[in-house]
Amino acid sequence: MSMEIPYKIYLEESEMPKAWYNLRADMKEKPAPLLDPQTHQPATLDMLSAVFCRELAEQELNDTEPYIEIPAEIRNFYKMFRPSPLVRAYCLEKQLGTPAKIYYKFEGNNTSGSHKLNSAIAQAYYAKKQGLKGVTTETGAGQWGTALSMACSYFGLDCKVFMVKVSYEQKPFRREVMRTYGASVTPSPSETTAIGRKILAEHPGTGGSLGCAVSEAVECAVSNEGYRYVLGSVLNQVLLHQTVIGLETKTALEKYGVKPDILIGCAGGGSNLGGLISPFVGEKLRGEADYKFIAVEPASCPSLTRGKYAYDYADTGRICPLAKMYTLGADYIPAPNHAGGLRYHGMNTTLSALRDRGILDAVSYKQTEVFEAAVQFARVEGILPAPESSHAIRAAIDEAMKCKETGEEKTIVFGLTGTGYFDLYGYQKFNDGLLENYVPTDAELAESLSKLPNI
Ligand SMILES: *Cc1c(COP(=O)(O)O)cnc(C)c1O
């Protein structure tokens with residue numbers, strides 16, 4: 001039986017997931033544990049709770065429970081912008097002349113403009129429930145800071161954001177959205193923390209990095225009573241919250257009897273990709289179905305394609321727990337790339353384990369290839385995609401073109417994580433033909449990887 005597939009598959013509110021799916025519960029061999037950076041012993045709940053909200057620390061360590069209930073307060077907030085549509089890219093398919101069927105799950109339909117609000121609201125909820133005054137965080141491109149400031153204002157929490165200095169200067173409008181939602185925004189590195197002062201002394205005039213902003217935000221949380229640090233990607237708790245993306249996608253596809261062959265997502269710290277593919281990876285691990293999973297990253301920050309699977313520091317300041325992950329080295333400072341959300345040196349531990357076991361494929365693209373795909377997509381599908389999301393578009397187009405050669409009618413699903421209204425500086429450079437590609441040499445990567453801790 002075949003049903004006509006609409007352009008947009010919307011779910012009813014009643015079809016939204018009531019629990020997040022914890023993929024680690026279905027992994028026989030668990031991802032390697034986080035380690036205390038001093039003792040190198042597995043991180044405990046007490047240790048993590050000093051930095052993170054307690055319930056979030058519990059979620060971080062939980063690798064046995066497959067479903068974790070989404071509290072009603074969070075589900076109610078989700079209803080303001082979810083379920084998000086699953087769109088059939090009929091116009092793109094037609095333009096490509098491919099027999100492939102392309103779908104994208106669009107997460108840009110909220111003011112923060114990305115999927116990050118899915119986890120921000122959950123983290124703000126647990127902070128509020130614990131009776132905290134506020135939270136601290138870092139933001140690179142600004143999407144996470146925006147999402148968190150929206151979530152904090154909803155629950156009446158203070159929100160202190162350390163924003164990578166180059167972004168702070170390049171993206172004044174992102175900064176103003178955060179301030180409008182009541183957050184305080186500090187350019188990082190700053191004089192407000194010991195680590196910030198140290199970095200400024202060593203590298204005067206630096207534009208900052210994500211790793212350095214993380215260190216400042218953590219220091220600020222642990223030195224202020226009633227504050228905890230929250231993170232917008234990389235951690236398993238974040239990936240867990242983002243499974244609303246994959247669970248909705250699965251329900252929507254099942255509603256129309258569609259079975260995907262390939263699932264694609266861009267990968268910065270891994271949260272949207274992990275959230276999209278988790279329910280499908282679970283099926284694969286349980287032997288119920290088979291899929292191909294593709295992570296897409298920038299050639300300028302290629303952790304999954306050229307990094308090493310090893311324990312590494314999560315931040316430049318080396319105060320966060322150590323994680324076993326695909327990494328380029330904690331001191332690796334990626335060259336400027338307009339996909340700011342994909343500039344992290346490491347990758348989520350669960351996705352790293354899947355990659356190591358051959359379940360997750362990975363590809364990388366140069367900026368110009370990504371912007372070409374972004375423009376092609378925008379012109380036929382209407383949405384102006386974020387540069388991060390456009391990595392997934394690039395890979396989806398390439399997979400669809402392979403189908404054109406072979407005549408295979410594969411079904412491709414990709415995550416369209418957000419919109420690009422605050423990335424017009426990047427689009428401007430592309431339109432003016434001034435966008436440059438940066439690809440690290442093997443020697444540069446080897447240099448940064450030579451500093452991995454010996455564990
Ligand atoms: C942050 C961000 C990403 C990358 O983060 P992940 O944790 O890897 O998902 C991708 N797309 C957009 C729009 C983002 O804001």
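**Exercise 1. Locate proline 83 and describe the peptide bond that precedes it.**

Proline 83 lies in the loop between α3 (72-78) and β4 (86-88), where helices (H or I, at least four residues) and strands (E, at least two) are DSSP runs numbered from the N terminus. The model is a predicted one, in which local features need pLDDT of at least 70, side-chain atom pairs count only at pLDDT 80 or more, and totals for chains, interfaces and linings use all residues. Residues are numbered from 1 along each chain as its sequence is written, and side-chain values use heavy atoms, with hydrogens and water left out. The bond to examine next is the one from arginine 82 to proline 83, which is cis, with omega near -5°.

**Exercise 2. Find where proline 189 and histidine 40 sit, and state the backbone feature of each.**

Begin with proline 189, which is placed in the loop between β8 (184-188) and α9 (194-202); a cis peptide bond with omega of about 5° joins serine 188 to proline 189. Then turn to histidine 40, found in the loop between β2 (19-21) and α1 (45-49), whose phi is positive, about 65°, although this residue is not a glycine. As background, most residues other than glycine have a negative phi, and most peptide bonds are trans.

**Exercise 3. Describe how domain 1 and domain 2 meet.**

First, set the bounds: domain 1 covers 8-15 + 82-113 + 237-449 and domain 2 covers 21-69 + 116-234, as given by an automatic or database domain assignment. Second, count the contacts (heavy atoms within 4.5 Å): 49 residues of domain 1 touch 53 residues of domain 2. Third, take the buried area, meaning the accessible area (1.4 Å probe) that two parts lose on being put together, summed over both; between these domains this is about 4,400 Å², with carbon and sulfur atoms giving 61%. On the side of domain 1, Ser112, Gln237 and Phe422 lose the most area to domain 2, together 17% of what that side buries. Finally, there are 3 salt bridges between the domains, each a side-chain nitrogen of Lys or Arg within 4 Å of a carboxyl oxygen of Asp or Glu.

**Exercise 4. Identify the residues around the ligand.**

Start with the residues near the ligand (a heavy atom within 4 Å): there are 19, the closest being Lys116, Ser233, Ser271, Asn272 and Thr417. Next, examine individual atoms: a side-chain N or O atom of asparagine 272 is 2.7 Å from a ligand oxygen, whereas a polar side-chain atom of threonine 417 lies 2.7 Å from a ligand nitrogen.

Notes
Polar contact = N/O pair within 3.5 Å; in protein donor to acceptor, adjacent residues only side chain to side chain.
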